[in-house]
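The following explanation leads the reader through one structure, from the chain as a whole to selected helix pairs and single residues. Please keep the sequence and the model in view while reading.

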Amino acid sequence: MNATLVAVVLSLFSAVAYAAAAVAQERLASRHPGTSLPRLLGNGAWWWSVGLNAAAALLHVVALKYGPLTVVQPLGALTLVAAVPMGARVAGRQVGAAEWRGIAFTLAGLAAILVTASGPAPEDVLSVPEAVGVAGATSALIGLLARRGARPGLRHATASGFASGVASALTQTVTVAATDRSGPLLSVQVVGVALLVAAFATAGLLLSQTAYRGGLGAPLAMVTLANPVAAAAIGLALLGERLQGGAAGMLLALAGAGVAGWGVVQLSRAAPEPGAVPYEDHDEDHPVAAVLALRPETASAEPALLPRPTTGPEHLTPL
């Protein structure tokens with residue numbers, strides 16, 4: 001099977017798992033605003049969302065082995081596409097016409113990107129100095145975006161997207177270097193970059209949890225857009241990745257990115273249909289109920305993709 005096709009299929013499954021985790025995180029954040037990390041660690045539903053994130057990350061890692069960052073990372077937009085029907089189901093409503101339009105724009109834009117970004121399996125990796133430089137610059141940017149006193153929302157979501165995108169780029173270096181039989185499996189490069197991956201992946205998860213307190217739509221859209229921007233910049237600037245078709249391919253890729261970005265924005269702004277009634281979860285300790293049927297304590301409809309006001313402390317953990 002073609003390596004790029006393998007990467008695309010794995011990315012599809014990864015996006016669905018990430019979407020389920022995002023919906024679960026958003027419902028937890030809405031039910032327990034201001035919950036500290038120690039309390040979350042004792043919440044079974046939160047651990048299920050972490051498990052979904054871990055499964056999605058594993059699929060993503062394998063996809064990075066077979067496809068370049070310019071292919072794998074834009075497919076992360078499918079997370080929002082998958083989250084729309086999942087969020088609608090949790091809220092007990094139908095997917096609206098505006099949401100279907102957003103899905104169509106997103107898919108069309110991604111198709112254009114795939115046409116131009118398809119390439120061979122990655123071979124180049126970041127050197128240790130390059131990885132350290134990327135990590136330092138990203139850490140400074142995340143610190144600026146998520147500084148103390150900043151309200152949870154788009155800035156935290158942007159920081160989460162950058163952290164996750166850099167984690168993916170570093171993961172590709174670990175995956176390719178670890179499977180390259182010309183060197184030792186646990187070289188300084190592999191171990192050192194793997195530690196950076198763990199740090200940025202954890203930061204991305206905690207920052208997204210904080211961002212989702214204000215609702216899922218806009219923050220998830222920002223995470224979805226910031227992630228491929230960071231990863232693709234590293235791939236094009238440091239890993240020698242190129243777009244197909246020369247100048248025409250570049251124009252097509254930019255057009256596709258614009259269309260997909262517009263679709264993501266439309267998905268984040270789409271309002272649910274009135275009269276929705278949330279599902280009743282009869283057993284919140286059951287794994288499926290905990291992840292797919294989480295709801296606020298109120299009896300009123302509260303769609304999963306609408307922003308909510310923040311009522312608790314501004315941070316999940318000090319940043």
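Two residues are in contact when heavy atoms of theirs lie within 4.5 Å. On that basis, among the contacts in the chain with a separation of 6 or more, 86% join residues 24 or more positions apart. The model is a predicted one, and its secondary structure consists of twelve helices and zero strands. Along the sequence the pattern accordingly reads α-α-α-α-α-α-α-α-α-α-α-α. Of the 319 residues in the chain, 51% are buried.

Where in the chain is confidence lowest, and where is it highest? The mean pLDDT is lowest in helix α12 (residues 287-292), at 35, and highest in helix α7 (residues 128-145), at 93. Over the chain the average is 77, and 75% of the residues score at least 70. Residues 271-319 form a stretch in which pLDDT stays under 50. For this stretch the model nevertheless has 117 contacts beyond four places in sequence.

The description now turns to the packing of helices. Two packed helices are described by the angle between their axes and by the distance between those axes. Helix α5 (residues 78-91) packs with helix α6 (residues 97-117) at an angle of about 155 degrees, the axes being 10 Å apart. Because angles over 145 degrees count as roughly antiparallel, α5 is roughly antiparallel to α6. Their crossing is left-handed. On the α5 side the contact is made by Leu 78, Val 81 and Val 84, and on the α6 side by Glu 99, Ile 103, Thr 106, Leu 107 and Leu 110. By class, these residues comprise six nonpolar, one polar and one charged.

Helix α6 also packs with helix α11 (residues 246-269), here at an angle of about 160 degrees and with the axes 7 Å apart. The two helices are therefore roughly antiparallel to each other, and α6 passes α11 in a left-handed crossing. The residues that α6 brings to this contact include Glu 99, Gly 102, Ile 103, Phe 105, Thr 106, Ala 108 and Gly 109. Among those they meet in α11 are Gly 249, Leu 252, Ala 253, Gly 256, Ala 257, Trp 262 and Leu 267. The contact of α6 with α11 has 15 nonpolar, eight polar and one charged residues. Glu 99, Ile 103 and Thr 106 of α6 are named in the contact with α5 and also in the contact with α11.

A further pair is formed by helix α8 (residues 154-178) and helix α9 (residues 188-211), which pack at about 155 degrees with their axes 8 Å apart. This angle makes α8 roughly antiparallel to α9. Helix α8 passes α9 in a left-handed crossing. In the contact of α8 with α9 there are 18 nonpolar and nine polar residues, and no charged ones.

Individual residues can be placed within this framework. Leu 196 lies in helix α9 and counts as partly exposed because its relative accessibility is 23%. The C-alpha atoms of Leu 196 and Leu 170 are 7.5 Å apart in space, with their positions 26 residues apart in sequence. Beyond its neighbours within four places in sequence, Leu 196 is in contact with Leu 170, Ala 131 and Ala 135.

Is Ser 11 buried or exposed? Ser 11, in helix α1 (residues 3-31), counts as buried because its relative accessibility is 5%. Outside the four nearest places in sequence, its contacts are Ala 63, Val 72 and Leu 75.

Two loop residues complete the account. Val 125 is found in the loop between α6 and α7 and, with a relative accessible area of 27%, is partly exposed. Not counting residues up to four places away in sequence, Val 125 touches Glu 130, Thr 173, Val 176, Ala 177, Gln 189 and Leu 239. Val 125 and Ala 169 are 44 residues apart along the chain, and their C-alpha atoms are separated by 9.1 Å. Ala 146 has its place in the loop between α7 and α8 and is buried, its relative accessible area being 3%. From Ala 146 to Thr 158, twelve residues apart in sequence, the C-alpha to C-alpha distance is 9.1 Å.

Key
Residues are numbered from 1 along each chain as its sequence is written. This is a predicted model: local features need pLDDT of at least 70, side-chain atom pairs count only at pLDDT 80 or more; totals for chains, interfaces and linings use all residues. Side-chain values use heavy atoms; hydrogens and water are left out. Axes are lines fitted to C-alpha atoms, for helices over the stretch in contact, and angles run from 0 to 180 degrees between N-to-C directions. Helices (H or I, at least four residues) and strands (E, at least two) are DSSP runs, numbered from the N terminus. Angles under 35 degrees count as roughly parallel, over 145 as roughly antiparallel, 65 to 115 as roughly perpendicular and the rest as oblique. A crossing is left-handed if the near helix is turned anticlockwise from the far one by less than a right angle, and right-handed if clockwise. Ala, Val, Leu, Ile, Met, Phe, Trp, Tyr, Cys and Pro count as nonpolar, Asp, Glu, Lys and Arg as charged, and the others, Gly among them, as polar. pLDDT is the predictor's confidence in each residue, from 0 to 100. Buried means under 20% relative accessible area, exposed over 50%, partly exposed in between (1.4 Å probe, protein chains only).
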